[in-house]
Amino acid sequence: MDYQELINLAIKASENSYSPYSKFAVGACVLAESGNTYSGCNFENSSFGLTICAERNAVGSAIVAGERKIKAVAIYSPNSEYCFPCGACRQVLNEFKDAPEGLDVVLTGSDGIKVYKLEQLLPEGFNL
Ligand code: THU
């Protein structure tokens, strides 16, 4: 799948972000092994610690649909160029990475699309 298309789905997801506290909208879209895509946006809570990130929301949708391997995730925020995933989301993505190819993290900004391997962003991630 064209990564620009995956970014476009992340942009669309960010439009439904519920982020009244931080006012920092995020959208994500994961490409699963089946070829299907699953979108998520962040949604916050007045009890701030209950906030769910866009990436984890997207991963949850993939899992409930029966997916177990994720090939790529696109992340977008209208508030920041190249919106990198937080540490917790990196570890959650690590759980479902598609070995041996690894998982592509696709970001966008004024220099165009940049693709990172999850392993670059989370070296020595925790695995049982
Ligand atoms: N956020 C995400 O959705 N993904 C990340 O990887 C980092 C942070 C959200 C959580 C919160 O709603 C807002 O961005 C500001 O932290």
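**Ligand contacts**

I began with Ala54 in this predicted model, and found that one of its backbone N or O atoms lies 2.9 Å from an oxygen atom of the ligand. Two side chains also reach ligand oxygen: an N or O atom in the side chain of Asn42 is 2.9 Å from an oxygen atom of the ligand, and for the side chain of Glu55 the corresponding distance is 2.7 Å. I then looked up how much of the ligand is covered, and noted that the protein buries 78% of the 380 Å² that the ligand exposes when taken alone.

Next I listed the surroundings of the ligand, which include Ser22, Phe24 and Val26, then Asn42 and Glu44, then Thr51, Cys53, Ala54 and Glu55, and finally Phe84, Pro85 and Cys86. Sorted by class, this shell holds seven nonpolar, three polar and two charged residues.

**Cysteines**

With Cys53 and Cys86 both in the list around the ligand, I asked how many disulfides a search of the whole structure finds. The search returned zero. For Cys83, which is in no disulfide, the nearest cysteine sulfur is that of Cys53, 9.0 Å away, and Cys83 itself is buried, with a relative accessible area of 9%.

Why is there no bond between Cys89 and Cys86? The closest cysteine sulfur to that of Cys89 is the one in Cys86, but the two are 3.7 Å apart and therefore too far for a bond, given that a disulfide needs the sulfur atoms within 2.5 Å. I also recorded Cys89 as buried, at a relative accessible area of 1%.

**Strands E1 and E2**

I turned to the hairpin and noted that strand E1 (residues 27-32) and strand E2 (residues 37-41) run antiparallel and are joined by five bridges. One residue I checked by name was Gly27, whose bridge partner in E2 is Cys41. Four residues lie between the two strands of the hairpin, and in the turn Gly35 has a positive phi of about 100°.

**Backbone geometry elsewhere**

I looked for positive phi in residues other than glycine and noted Lys23, with a phi of about 55°. Lys23 sits in the loop between helix H1 (3-14) and E1, and I entered Lys23 as exposed because its relative accessibility is 60%, the cut-off being over 50%.

Glu124 is another entry of this kind, with a positive phi near 55° although the residue is not glycine. Its place is in the segment after H4, and at 78% relative accessibility Glu124 counts as exposed.

Which residues does a cis peptide bond join? I found that bond between Ala99 and Pro100, with omega about 0°, and I located Pro100 in the loop between helix H3 (87-95) and strand E4 (104-109).

**Gln120**

My last entry concerns Gln120, which belongs to helix H4 (residues 118-121). Is Gln120 buried or exposed? At 52% relative accessibility it counts as exposed, since the cut-off for that class is over 50%. The side chain of Gln120 reaches the backbone nitrogen of Lys117 at 2.8 Å. I also compared its position with that of Asp104, and wrote down that the two residues are 16 apart in sequence and 9.9 Å apart in space, C-alpha to C-alpha.

Key:
Residues numbered from 1 in each chain as written. Predicted model: local features only at pLDDT ≥ 70, side-chain atom pairs only at ≥ 80, totals over all residues. Heavy atoms only, no water. Near = heavy atom within 4 Å. Polar contact = N/O pair within 3.5 Å; in protein donor to acceptor, adjacent residues only side chain to side chain. Areas by Shrake-Rupley, 256 points an atom, 1.4 Å probe, with all protein chains shown as cover. Nonpolar A, V, L, I, M, F, W, Y, C, P; charged D, E, K, R; others polar. Buried < 20%, exposed > 50% of the residue type's maximum accessible area, 1.4 Å probe, protein only. Pairing = 2+ DSSP bridges.
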